[in-house]
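Me: I've got a new one open and could use a quick tour. Can we start with a single strand and then zoom out?
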Amino acid sequence: MSPMSPMRPFGIGLIGCGNISKQYLKNLSAFPDVAVLICADVDAGRAKAQAAAYGVPEWGSAGDALGHPGVQLIVNLTVPAAHAEVTGAAIAAGKHVWSEKPLTLDVAAGRALLSEAGAAGVRVGCAPDTVLGAGLQSARRLIGSGAIGTPITALTLLQGPGPQSWHPDPEFLFAPGAGPLFDLGPYYLSMLATLFGPALRVAAIGRRPRESRVIGSGPRAGTPFSVAVPTYVAALAEYAGGQAASLLFSWDSPLSRAGFVEITGTEATLAVPDPNRFDGDLRIRRAGDADWTVIPAEGAAAGRGIGVVDMVRAIRAGARHRASGELALHVLEMMTAIERSAVSAAFESVQTRFEVPAPLDAQWDPYAAAN
Ligand SMILES: NC(=O)c1ccc[n+]([C@@H]2O[C@H](COP(=O)([O-])OP(=O)(O)OC[C@H]3O[C@@H](n4cnc5c(N)ncnc54)[C@H](O)[C@@H]3O)[C@@H](O)[C@H]2O)c1
């Protein structure tokens, strides 16, 4: 096999070996199209431990990953405040990048990254790749077949007490770039963007009832920390295609209710699985039905990392990758506009556009080598 052969797994360097790196490393180790060559972190102990746990041959600093000659794509799993810096450094090193969400903290930084990537001839992809999961892909096929008529509205609900109870280092989740809107909004907004296309304008109310919270688990349990962002956000979105959505993102609710998404069309309402998951049954209720009809999801449910596989296959085929930087930039602009509207008490417009990704075949399989 020549070094350029498409059969050789695409070399991955993973930067950021914290909480979510376990899911990525487990999955990326099992997908034959990719091979993780190095784990990197500012905390060398974490990089070393994750490399050992998942059989990754090397570990080191971000600079070591960027300078690794076999690495073609960087998977950026750092905290949101570091996304722009790490993704920018990877682009400058001539590497493709898959970033965890949000793409960056602000639209200008995201736009700059995409233009730098275009100039350097490298790709940017961004989480969430749940939009490639069996749940949403089945919903797309069902809606495309006319099962709910013309889609007109969406209702989404995300409520709970917040992640300070389970995340051992939750401070970043209450800092700029997070809160329920920026941390979980990408799942809901990317799902709706994939179904409806780009949004035109948004409006919102935001609240921050508690100025500090207390870490609930891990070695630092009992430590208070401050809350910098709204923890209750109720938003409205209007889409270029004419659809409207009502969205609730709250970490101020003793009641936990996540993953509620209903798409209502002229003929029926479709309950879509949790957009923070890759699978789950769909339920449809047509006008006059006394109850829901369950429709099992079909397609890939492998979990985090399938967006990296889609991206690698697209790079090799010269095709568009689906979880694109442009889609992520639009979602980021929606979130920043929602945040602004919560302050201005006025509708805020959304300017960026993206191409709606092509649907995946139900047979698409990240565990099978593409070639
Ligand atoms: N935890 C989850 O369940 C979850 C789920 C989906 C997505 N995410 C996203 O994944 C990202 C990481 O989340 P997490 O929960 O794993 O956070 P974490 O704090 O557990 O881990 C982040 C890691 O990045 C490292 N890091 C920070 N800045 C760095 C830099 N400049 N260079 C190298 N390493 C750096 C930290 O040392 C840490 O080990 C976030 O964008 C988050 O939104 C997390």
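Me: Is strand β2 mostly covered or mostly bare?
Reply: Mostly covered: β2 spans residues 34-40, and five of its seven residues are buried. Buried here means under 20% relative accessible area, with exposed over 50% and partly exposed in between, using a 1.4 Å probe and protein chains only. Bear in mind that this is a predicted model, where local features need pLDDT of at least 70, side-chain atom pairs count only at pLDDT 80 or more, and totals for chains, interfaces and linings use all residues. Numbering runs from 1 along each chain as its sequence is written, and side-chain values use heavy atoms, with hydrogens and water left out.

Me: Which way does β1 run against β2?
Reply: They run parallel, with six bridges joining β1 (residues 10-15) to β2. Two strands count as paired if DSSP finds at least two bridges between them.

Me: And what stands opposite I12?
Reply: That's V36, in β2.

Me: OK, zooming out. How many helices and strands are there?
Reply: Nine helices and 17 strands. Both are DSSP runs numbered from the N terminus: helices are H or I with at least four residues, strands are E with at least two.

Me: How much of the whole protein is buried?
Reply: 54% of the 371 residues.

Me: What about contacts between residues far apart in sequence?
Reply: Taking contacts with a separation of 6 or more, 72% are between residues 24 or more positions apart. A contact means heavy atoms within 4.5 Å.

Me: And what does the C-alpha trace span?
Reply: About 60 × 50 × 35 Å along the principal axes.
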